[in-house]
Amino acid sequence: MNSSPAENHMRRALELAERGRGHVSPNPMVGCVIVHDLGPDATGRVLAEGWHEQYGGPHAEVNAIRAVAPADEALLPQSTAYVTLEPCSHWGKTPPCAKLLIERQIGRVVCCNDDPNPLVSGRGFQMLREAGIQVETGVLAPEGRLLNARFFTFMEQKRPYIILKWAETANGFISGPAGAPMAITGPEANALVHRWRAEEPAILVGSGTARHDNPRLNVRLYHDAKRLVRQPLRIVLDRMLTLPRHLHLFDGSQPTLVYHTNTMPSPPDGTNLTFAPLPEESTENTACSSGLSIQAMLHDLHGRSIQSVLVEGGNRVHSSFLNQGLWDEIRQFKSTQLVNTGTTAPLLPNHIQSDYSTNWVGNDQLYYYLSRLHDNRPV
Ligand code: AOF
Ligand code: ZN
């Protein structure tokens, strides 16, 4: 595939943006590369790079501008800023990036995508154009949208991006008799799951999983040598508030949100513990659902600025999301072992199982993992 120089610089900017994964939500991941590529004396030299490193911290453009060597500052009017997202126009936690680019007299700005944030949404480009700066958008637009699928889903659909994750046997069972835990994967999968937990701001389980597996829902098996990992918000669906308080989930070690449909006054919020009531689910088929309104929950999570959720089960919770089509990505561990537990039906009918991006996990060839997006594209 032939790529233009602009696309190559943008690919680099996307790569830089990726470094913010797990650290910038609910902000988007953004990268910026400044290249001296305008006018007759252009060298095509990269003057500086930057990315949005930390939520609340400086944006990508600010970090890139700061990284320009003093001797190169005079070259900015003959340079292009390749930014993965439209520069912001608002005073948020930081001043507007469009204003900074105008002040530093950048010659041109090229982006992948317009910023869907209503505070920005076209105004960043407008500010730049009004200042006489050339603007181009749509370069590697699909790659930009994929990188920030969480941010775009959150802004456009007003709900978090949903990742369903489970492990199943070769014939599709995810738990033992009566929901008892069953070993399907091994230590390599556990380590991978902990990395995924560090990448999303929230993890959700149903009451069955909370009771049977007693999970801690924190990041223990993944470490980043350079930075402290973020611990996710724990979310548990406990419709009737019957879960015992000795479970790890209630140990107060990290923020935990308990959704319920109990009309009785809920217990007082405790240290790191929040109770939030939701309406009952209005479907006929509550036997295989979580029993509370997933739509209402996603609306509530949007209000709490939770940009994405890793759903870790179990069967009823996954079925609720699947039946309503409320999911964006599936990450499915599949073992080569046939185990018929006889009590729960396979989670997914065979026709929506596919062979996208099959990755063997570990050396013993006992299980692999599949991932795909809702529209059947591999991730
Ligand atoms: C950019 N460059 O690197 C990022 C942008 O609260 P603030 O000030 O951090 O602003 C957050 C909003 O800014 C976020 O919702 C998105 O619209 C934009 N993010 N914009 O120009 C960046 N991270
Ligand atoms: Zn900005």
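A strand, as the word is used below, is a DSSP run of E of at least two residues, and strands are numbered from the N terminus. The exercises concern a predicted model.

**Exercise 1. Determine in which strand T80 is found, and whether T80 is buried or exposed.**

Solution. The first step is to place the residue: T80 is found in strand 3, which comprises residues 80-85. The second step is to apply the burial criterion, under which a residue is buried if 20 or more other C-beta atoms lie within 10 Å of its own. T80 has 25 C-beta neighbours inside 10 Å and therefore counts as buried. The third step is to list its partners: leaving out residues up to four places away in sequence, T80 touches V35, D37, L38, G107, R108 and V110. As a last step, a separation in sequence may be set beside one in space, for A180 stands 100 residues from T80 along the chain, and the C-alpha atoms of the two are separated by 58 Å.

**Exercise 2. Describe the sheet of 5 strands: what is its strand order, and which strands stand at its edges?**

Solution. The order of this open sheet is 2-1-3-4-5, and its pairing is mixed. Strand 2 (45-51) and strand 5 (134-137) are the edge strands, since each pairs on one side only. From one strand to the next, the twist averages 15°. Turning to a single pair, strand 1 (residues 31-36) and strand 2 run antiparallel and are joined by 6 bridges, and in this pairing C32 stands opposite G50 of strand 2. Finally, helix 1 (residues 5-18) lies across strand 1, strand 2, strand 3 and strand 4 (108-113), and its direction makes an angle of about 145° with strand 1.

**Exercise 3. Locate E61, state which UniProt annotation covers E61, and list its contacts.**

Solution. An unreviewed UniProt entry carries the annotation "active site" at E61. The residue belongs to helix 2 (residues 60-66). Because 29 other C-beta atoms lie within 10 Å, E61 is buried. Once neighbours within four places in sequence are left aside, E61 is in contact with C32, G50, A81, V83, P87, C97, L100 and L101. Two of these contacts can be linked to Exercise 2, where C32 was found opposite G50 in strand 2.

**Exercise 4. Which residues does the UniProt annotation "binding site" cover, and how do they lie in space?**

Solution. According to the unreviewed entry, the annotation covers H59, C88 and C97. These residues are spread over 39 residues of sequence and yet cluster in space, the largest C-alpha distance being 9.0 Å. C88 sits in the loop between strand 3 and helix 3 (97-103), whereas C97 lies in helix 3 itself. C88 is buried because 25 other C-beta atoms lie within 10 Å, and C97 likewise counts as buried, with 30 C-beta neighbours inside 10 Å. With neighbours within four places in sequence set aside, the contacts of C88 include H59 and C97, while those of C97 are H59, E61, V62, P87 and C88.

To finish, consider ligand 1: V30, H52, H59, G92 and N117 come nearest among the 17 residues around it. The shell divides into 8 nonpolar, 6 polar and 3 charged residues.

**Exercise 5. Describe the sheet of 9 strands, and explain why strand 7 is largely enclosed.**

Solution. This open sheet has the order 10-9-8-7-11-6-12-14-13, with mixed pairing. Strand 10 (273-277) and strand 13 (359-360) are at the edges with a single partner strand each, so one side of each is left without a neighbour in the sheet. Strand 7 is largely enclosed by the rest of the structure because 5 of its 5 residues are buried.

The faces can then be taken in turn. In a regular strand, side chains alternate between the two faces of the sheet. On one side of strand 7 are A202, L204 and G206, on the other I203 and V205, and all of them are buried, so that both faces are covered.

Strand 7 runs parallel to strand 8, with 5 bridges joining the two, and A202 stands opposite L233 in strand 8. Strand 8 (residues 233-237) is in turn joined by 4 bridges to strand 9 (residues 256-260), again in parallel, with R234 opposite T256. Among the helices that lie across strand 7 and other strands are helix 7 (residues 187-199), at about 170° to strand 6, and helix 10 (residues 315-323), at about 135° to strand 6.

Conventions. Residues are numbered from 1 along each chain as its sequence is written. Chains are lettered from A and ligands numbered from 1 in the order in which they are written. This is a predicted model: local features need pLDDT of at least 70, side-chain atom pairs count only at pLDDT 80 or more; totals for chains, interfaces and linings use all residues. A residue is near a molecule or strand if its C-beta atom, placed from the backbone, lies within 6 Å of it. Ala, Val, Leu, Ile, Met, Phe, Trp, Tyr, Cys and Pro count as nonpolar, Asp, Glu, Lys and Arg as charged, and the others, Gly among them, as polar. UniProt positions are given in the numbering used here, feature names are shortened, and annotations may be inferred rather than shown by experiment. A residue is buried if 20 or more other C-beta atoms lie within 10 Å of its own, exposed if 12 or fewer, and partly exposed in between; C-beta atoms are placed from the backbone. Two residues are in contact if their C-beta atoms, placed from the backbone, lie within 7 Å. Two strands pair if DSSP finds at least two bridges between them. Axes are lines fitted to C-alpha atoms, for helices over the stretch in contact, and angles run from 0 to 180 degrees between N-to-C directions.
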